[in-house]
Amino acid sequence: MSAAQTLGRKSGFAGALSLIRGNGQILFGVVVLVVLGALAVLAPLVVSYPPELTSVMNRLKPPSLEHIFGTDAFGRDVFSRFAYGARYSLLIGATTMLATTVIGSAIGIFSGYVRGTIDLMLMRVMEAFMAIPAILLAIALLAILGNNLGNLVIALSIAYIPRLARIARGLTLTISEELYVESARAVGARPLRIVFHYILPQLLPAILVQSSFVFAYAVISEAGLSFLGVGVQPPAPSWGGILSDGRTYMAIAPWITVFPGLGILLIVLGLNQLGDGLRDALDPRLRSLS
Amino acid sequence: MLKFFVVRSISLLPLCVLIVTIAFTLLHLVPGDPAVVMLGIDATPERIAEMQTRLGLDRPFLERYLVYLANVAQGDLGYSNFLSKDVLPAIVERLPVSLLLAAMSLFWAVLLGVPAGVFAAAHRGSLIDRAVMFSSLAGMSIPSFWFGLILIMVVGVWFGVLPTGGYVSPFENPWEALKHMMLPSLSLGFIQMAQVARMTRSAMLEILRQDYILVARAKGMPEFTILFNHALRNGLTSILTVLALIFAEVLGGALVTEQIFSLPGLGQLIVSAVGFRDYPVIQGSLVVVGIAYVLINTLTDAAYRIIDPRIRDS
């Protein structure tokens with residue numbers, strides 16, 4: 001609890017800095033995200049070739065000084081496609097995380113706060129959604145809604161909202177039993193004030209932790225969907241798509257497959273570490289939850 | 001036990017109805033007329049009208065819903081135009097491949113993950129513990145389909161020891177079937193092993209602190225018996241919980257893994273259904289997989305009662 005207390009006393013930014021410095025896992029996660037984020041944003045400045053530039057003379061060339069990740073079957077620079085691909089992974093992952101976190105915790109807090117029949121019904125619906133594997137639900141939604149980036153985010157968010165809602169609801173049930181919530185109610189605080197001033201701050205650490213895991217799931221699922229051909233559509237260079245392009249040439253040009261996979265691995269490892277680190281730093285009670 | 005199953009089945013009905021409702025609602029999210037989307041813009045008005053009738057789109061919403069619900073209850077998931085057959089048999093034909101893959105992956109996850117977790121907990125802080133924790137961290141971060149591709153490259157292509165694709169029915173040739181399932185199930189199982197090992201380790205750490213373990217040690221009982229007979233049995237319930245939870249993930253992962261190893265499972269059916277906008281197949285898969293998950297969870301609850309007498313008697 002000490003880290004959380006320290007955080008409480010300092011301003012937001014200074015508190016966050018001391019969190020990062022004091023915890024190797026958080027530091028690792030933040031560094032990975034910052035480096036890959038910079039690569040994604042600065043992609044046009046970093047790469048020497050446009051990601052769509054084909055070159056018949058340079059097909060399936062192994063990594064070299066000119067093409068540090070090699071070239072693919074069309075002679076496109078794999079590093080350039082990798083850098084631009086980071087944009088898709090990070091953008092889709094982050095947007096899914098935001099949408100899932102906001103909607104999921106809203107549903108969860110509402111359900112846990114009102115209780116009764118509404119709570120029962122909402123949670124049953126969430127359970128029904130959770131019975132369907134996230135990737136299958138996302139595939140089905142994409143098939144129905146049509147395939148574009150917005151729908152991809154919608155599909156992934158719908159698949160992950162129930163997880164967040166359930167956790168937020170469980171914690172809201174416990175927190176709203178606390179004495180200070182009861183006393184707030186006794187002095188006549190309105191429900192919205194109770195939720196925003198008394199319940200939400202207590203929930204934030206847990207939600208933050210879950211959000212980083214949702215980010216990680218979303219990155220993996222996006223890659224899986226794009227690999228199957230139902231996510232980001234070629235020739236856009238998403239990591240899953242590059243993997244899928246490269247699998248035909250795996251025996252002769254493994255670099256096309258290896259590098260985007262390592263990219264996914266790194267980003268997910270970073271997010272998992274970040275989540276674990278945040279959990280330990282912000283709320284030791286949550287350690288047993290996952 | 002029989003009473004338990006009867007009560008459970010009744011209480012699960014609403015959940016199953018909800019899953020069917022989700023699948024039903026999906027079709028109505030299709031922008032525009034599903035019949036037109038399915039058949040393409042070149043379709044004749046007669047064919048579109050015929051498809052609308054088949055999908056029930058010419059009837060009122062509530063009636064459509066009740067008819068769909070009643071049909072599903074009777075095992076009728078609709079008709080697939082593109083496969084020219086009913087949806088349920090098409091899914092049932094493919095499901096065993098996916099289930100076999102999922103089951104074998106879980107088998108590896110348990111066979112490798114549980115002992116790894118037990119040893120890691122027993123030797124907390126040692127090299128084994130750190131190795132287990134590190135590989136479980138790696139396992140949680142590696143995309144299973146990428147790991148599958150790497151396995152194909154290393155084991156299949158470079159060493160050439162195991163087949164890298166295709167399916168052989170275990171009823172025709174069990175040995176070949178095992179060999180063909182080896183790489184797919186290992187690539188999927190490794191990821192799950194990570195979670196099982198982590199969960200087993202933390203459950204065991206908790207249990208090994210208990211007094212009765214101390215008593216067993218004081219009696220001079222062999223360490224192996226203490227770990228596996230005394231401690232693990234107590235930790236089984238929490239391990240089982242994780243297994244039931246990851247089953248949905250394994251099935252989802254199996255859909256992607258099948259593509260890599262050219263296994264003719266549910267995944268291939270669904271991906272081709274997406275390409276053809278074959279909505280009845282997509283809806284049907286959601287229903288079948290969702291209800292399969294509910295059933296697995298019920299079996300898990302039953303297993304709790306077998307493992308843990310405290311739950312049985314309460």
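A residue counts as buried if 20 or more other C-beta atoms lie within 10 Å of its own, as exposed if 12 or fewer do, and as partly exposed in between. Keep that handy for the exercises below, and remember that this is a predicted model.

**Exercise 1. Two odd phi angles**

Task: Work out whether Leu60(A) is buried, partly exposed or exposed, and do the same for Arg277(B).

Solution:
- Step 1: start with the backbone. Leu60(A) has a phi near 50 degrees, which is positive in a residue other than glycine. Arg277(B) isn't a glycine either, and its phi is positive too, at about 50 degrees.
- Step 2: set that against the usual picture. Most residues other than glycine have a negative phi.
- Step 3: place the residues. Leu60(A) is in the loop between helix H4 (43–46) and helix H5 (78–114) of chain A. Arg277(B) is in the loop between helix H11 (266–275) and helix H12 (279–307) of chain B.
- Step 4: count neighbours. Leu60(A) has 16 C-beta neighbours inside 10 Å, so it goes down as partly exposed. Arg277(B) has 19 of them, so it is partly exposed as well.

**Exercise 2. A cis bond**

Task: Find which residues a cis peptide bond joins, and say where Pro235(A) is found.

Solution:
- Step 1: look at omega. A value of about 10 degrees goes with the cis bond between Pro234(A) and Pro235(A). As a rule, most peptide bonds are trans.
- Step 2: locate it. Pro235(A) belongs to the loop between H10 and helix H11 (239–246) of chain A.

**Exercise 3. H8 against H10 in chain A**

Task: Decide how the axes of H8(A) and H10(A) are oriented to each other, then describe what the contact is made of.

Solution:
- Step 1: get the geometry. Helix H8 (residues 149–175) and helix H10 (residues 191–228) of chain A have axes that come within 10 Å and cross at roughly 155 degrees.
- Step 2: apply the cut-off. Angles over 145 degrees count as roughly antiparallel, and H8(A) and H10(A) are therefore roughly antiparallel. Their crossing is right-handed.
- Step 3: look at who touches. H8(A) contributes residues including Leu152(A), Leu156(A), Tyr160(A) and Leu164(A), while among those from H10(A) are Ile199(A), Gln202(A), Leu203(A) and Glu222(A).
- Step 4: sort by class. The contact of H8(A) with H10(A) has 15 nonpolar, 4 polar and 1 charged residues.

**Exercise 4. One residue on H8**

Task: Describe the surroundings of Ile154(A), starting from its helix.

Solution:
- Step 1: Ile154(A) is found in helix H8 of chain A.
- Step 2: it has 18 C-beta neighbours inside 10 Å and therefore counts as partly exposed.
- Step 3: beyond residues up to four places away in sequence, Ile154(A) touches Leu141(A) and Leu145(A).
- Step 4: Thr100(A) is 54 residues from Ile154(A) in sequence, yet their C-alpha atoms are 9.2 Å apart.

**Exercise 5. The core**

Task: Name the residues with the most contacts inside the largest nonpolar core, and the helix that gives the largest share of this core.

Solution:
- Step 1: the core has 162 residues, and those with the most contacts inside it are Leu137(A), Ala138(A), Ile139(A) and Ala140(A).
- Step 2: H10(A) gives the largest share of this core, 17 residues.
- Step 3: zoom in on Leu137(A). Apart from its neighbours within four places in sequence, Leu137(A) contacts Phe129(A), Ile132(A), Ile158(A) and Ala159(A).

**Exercise 6. Where the chains meet**

Task: Describe the side of chain A that touches chain B.

Solution:
- Step 1: the contact takes 35 residues from chain A and 38 residues from chain B.
- Step 2: helix H6 (116–130), helix H7 (134–145), H10 and helix H12 (255–282) of chain A each supply at least two residues of chain A's side. The largest share, 8 residues, comes from H7(A).
- Step 3: by class, chain A's side has 27 nonpolar, 5 polar and 3 charged residues.

**Exercise 7. Chain B**

Task: Sketch the make-up of chain B, then look at how H5(B) passes H10(B).

Solution:
- Step 1: chain B has 13 helices and 2 strands, and 38% of its 314 residues count as buried.
- Step 2: helix H5 (residues 87–122) and helix H10 (residues 223–260) of chain B have axes that come within 8 Å and cross at roughly 145 degrees. The crossing is right-handed.
- Step 3: the contact of H5(B) with H10(B) has 14 nonpolar, 3 polar and 1 charged residues.

Key. Residues are numbered from 1 along each chain as its sequence is written. Chains are lettered from A and ligands numbered from 1 in the order in which they are written. This is a predicted model: local features need pLDDT of at least 70, side-chain atom pairs count only at pLDDT 80 or more; totals for chains, interfaces and linings use all residues. Axes are lines fitted to C-alpha atoms, for helices over the stretch in contact, and angles run from 0 to 180 degrees between N-to-C directions. Helices (H or I, at least four residues) and strands (E, at least two) are DSSP runs, numbered from the N terminus. Angles under 35 degrees count as roughly parallel, over 145 as roughly antiparallel, 65 to 115 as roughly perpendicular and the rest as oblique. A crossing is left-handed if the near helix is turned anticlockwise from the far one by less than a right angle, and right-handed if clockwise. Two residues are in contact if their C-beta atoms, placed from the backbone, lie within 7 Å. Ala, Val, Leu, Ile, Met, Phe, Trp, Tyr, Cys and Pro count as nonpolar, Asp, Glu, Lys and Arg as charged, and the others, Gly among them, as polar. A nonpolar core is a set of buried Ala, Val, Leu, Ile, Met, Phe, Trp, Tyr and Cys residues joined through C-beta atoms within 7 Å.
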